[in-house]
Amino acid sequence: MKNFLITALFSIILLPSAAQERTTMATLYREFKPSVIYLTNGKKLNQNLTNVFLKNSTLVYLKGTYTMEANMQTIRRVEFDDRQYDVIEGQLAELIDSVGNDCVYRVDYLDMDAYQAQLKNNINISNISLGDQISTSTVDLNTEEDFKFPLVHKYYMCYNGETFPVHEREIWRRLPKDKDIRRMFKTIITKQGFSWTSDESVSELLRAIISVSKTEQ
C-alpha cells in the first residue's frame, strides 16, 4: 500500500505537459496604443491608449493612471493599426481571413487553469513519511519559463450568415448536403499537417468550402 501511494504521488509529479505557446505579458501590446472603437449603437470613438487584455480577451484603456476594462456589450468592432477585432460572445476576436462576408476569427486568451496546474506540478515532494497521517516537505522546481502564461487560441467561423466555433461537428452540420462539399471537407481535415488550432489550416478550410460551394451552384 505504501509503495502504491508513493508511485501514485510521483506519477502525478512527473506527468509531462503538452507544449503550449507562452507569453510574459497579460496584454497583447507592450505599450497601450490608439484604436478606433465601433459601438453597437452605431457611434465611433477614437481612443488613444487601448490594449487587449489577454486574461479574457477584452478591451482595456487607460484613464489617468488607472487601467479600465471596457463594457464589451456596447462594442461591435475595434481596429488597431495592425489588426481588426469583432466582438464574438463578449470577447475580442481577431479577423484572420475573409472571403466576402465569410470570415475566420481567432480569440487569444490566457489559460490560467493550465498556468496554475503547471506551477503546482513542478513542486517536488520529498521526505514522505507514512503513518496515521502523511507528512511531506516540498521543493519548488519552477523555472523562469514556467512562470510564463500559456496562451490559448480559439477559432470562430462566419459562414452563410452564421457565426460558430470552429469544430468538426459544428461545421459539418452547417455544410450543404452536397456530396462533393462533404467529401472535400473530410479530405482537408484528415490531410497531414491540418490543425484545428492553426490560422492557415482554418483559413484553407473556409476557402475550400466557399470554392466548392460556388462550383456546385
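Start by selecting β9 and β12: eight bridges join these two strands, and they run antiparallel. Keep in mind as you look around that this is a predicted model.

**Stop 1: across the strands**

Click on tyrosine 105, then look across to β12, where its bridge partner is tyrosine 156. Stay on tyrosine 156 and look towards β13, where you'll find another bridge partner, proline 165. Now colour the whole of β13, residues 162–165. Four bridges join this strand to β12, and the pair runs antiparallel.

How many of the residues of β12 are buried? Nine of its 11, so the strand is mostly covered.

**Stop 2: the turn**

Next, zoom in on the hairpin of β12 and β13, which has two residues between the strands. Pick out asparagine 160 there: its phi is positive, near 55°. While you're on asparagine 160, find its backbone nitrogen, which lies 3.1 Å from a polar atom of the side chain of aspartate 102.

**Stop 3: aspartate 102**

Follow that contact over to aspartate 102, which sits in β9, a strand covering residues 102–110. Is aspartate 102 buried or exposed? It counts as buried, because its relative accessibility is 14% and the cut-off for buried is under 20%. Show what it touches beyond four places in sequence: Asp97, Cys158, Tyr159, Asn160, Leu206 and Ile210.

**Stop 4: the nonpolar cores**

Now select Met157, Tyr159, Ile171, Met184, Leu205 and Ile209. Within the largest nonpolar core, which has 21 residues, these touch the most other members. The elements that give it two or more residues are β12 (149–159), α4 (179–189) and α5 (199–216). Which of the elements gives the most to this core? That's α5, with seven residues.

For a closer view, centre on isoleucine 209: leaving out residues up to four places away in sequence, it touches Tyr159, Ile171, Leu175 and Met184. Then switch to a second, separate core of 16 residues, which includes Tyr29, Val52, Leu54 and Phe149.

**Stop 5: serine 35**

Finish at serine 35, in strand β2 (residues 33–39). At 5% relative accessibility, serine 35 counts as buried too. Turn on the side chains and look for threonine 50: a polar contact of 2.9 Å joins its side chain to that of serine 35. To see more of the surroundings, show the residues that serine 35 contacts beyond four places in sequence, among them Leu45, Asn46, Val78 and Phe80.

Notes: Residues are numbered from 1 along each chain as its sequence is written. This is a predicted model: local features need pLDDT of at least 70, side-chain atom pairs count only at pLDDT 80 or more; totals for chains, interfaces and linings use all residues. Side-chain values use heavy atoms; hydrogens and water are left out. Buried means under 20% relative accessible area, exposed over 50%, partly exposed in between (1.4 Å probe, protein chains only). A polar contact is a pair of N or O atoms within 3.5 Å; within protein, one must be able to donate a hydrogen and the other to accept it, and residues adjacent in sequence count only if both atoms are side-chain atoms. Contact means heavy atoms within 4.5 Å. A nonpolar core is a set of buried Ala, Val, Leu, Ile, Met, Phe, Trp, Tyr and Cys residues joined through side-chain atoms within 4.5 Å. Two strands pair if DSSP finds at least two bridges between them.
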